[in-house]
Amino acid sequence: MLKEFKDFIAKGNVLDMAVGIVIGAAFTSIVNSLVEDIIMPIVGIVIGGIDFSSYALQIGSASLSYGMFIQQVVSFLIIAFVVFLIVKAANKVYKKEEEAAEEEPSQEVVLLTEIRDALKK
């Protein structure tokens with residue numbers, strides 16, 4: 001069981017996932033700052049300075065803060081849109097790199113093609 005666990009940990013996918021989690025945590029703070037410090041104040045100005053976070057419904061001694069829920073939903077939608085734009089831009093860059101790589105065969109491919117053609121004769 002210990003050997004199996006060691007093999008699992010040593011796999012590249014686990015290490016890639018760990019790096020992704022660490023980078024994702026750092027990226028989360030950047031996106032949260034973008035949303036909370038830049039985008040939400042602009043949204044507040046556009047919608048007339050309404051702050052949803054103070055809205056609550058009092059039922060007996062319980063307070064239902066539905067305004068915070070609305071605020072979090074808006075934040076989520078903005079964060080999702082920002083991540084969408086970043087992924088879309090990254091995919092565009094990778095697609096251009098792949099197209100450039102596909103257009104020009106490497107020297108090895110050219111040499112191997114010549115060798116293959118020579119062997120066919």
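Let me start with the salt bridge between aspartate 117 and arginine 116, whose closest N and O atoms are 3.2 Å apart, where a salt bridge is taken as a side-chain nitrogen of Lys or Arg within 4 Å of a carboxyl oxygen of Asp or Glu. By this rule the count for the structure comes to one. Aspartate 117 is partly exposed, with a relative accessible area of 32%, and arginine 116 is likewise partly exposed, at 44%; buried here means under 20% relative accessible area, exposed means over 50%, and partly exposed lies in between, with a 1.4 Å probe and protein chains only.

A word on the source. This is a predicted model, in which local features need pLDDT of at least 70 and side-chain atom pairs count only at pLDDT 80 or more, while totals for chains, interfaces and linings use all residues. Residues are numbered from 1 along each chain as its sequence is written, and side-chain values use heavy atoms, with hydrogens and water left out.

Turning to the interior, which residues make up the largest nonpolar core? They are Val31, Val35, Met40, Ile78 and Val82, a nonpolar core being a set of buried Ala, Val, Leu, Ile, Met, Phe, Trp, Tyr and Cys residues joined through side-chain atoms within 4.5 Å. Helix H2 (12-46) and helix H3 (66-103) each supply at least two of these residues, and the largest share, three residues, comes from H2; helices (H or I, at least four residues) and strands (E, at least two) are DSSP runs numbered from the N terminus.

Leaving aside neighbours within four places in sequence, isoleucine 78 is in contact with Val35, Ile39, Met40 and Val43, contact meaning heavy atoms within 4.5 Å. Serine 75, which lies in helix H3, is buried at a relative accessible area of 11%, and with the same sequence neighbours set aside, serine 75 touches Val35 and Met40. Glutamine 71, also found in helix H3, counts as buried at 17%, and its contacts beyond four places in sequence are Met40, Asp51, Phe52 and Ser53.

Finally, the structure holds two aromatic pairs, for which rings of Phe, Tyr and Trp (its six-membered ring) must have centres within 6.5 Å, with planes under 30 degrees apart called stacked, over 60 edge-to-face and the rest tilted. One of them joins tyrosine 55 and tyrosine 66 in a tilted arrangement, 6.3 Å centre to centre with 40° between the planes. This pair links distant parts of the chain, with tyrosine 55 in the loop between H2 and strand E1 (57-59) and tyrosine 66 in helix H3, 11 residues apart.
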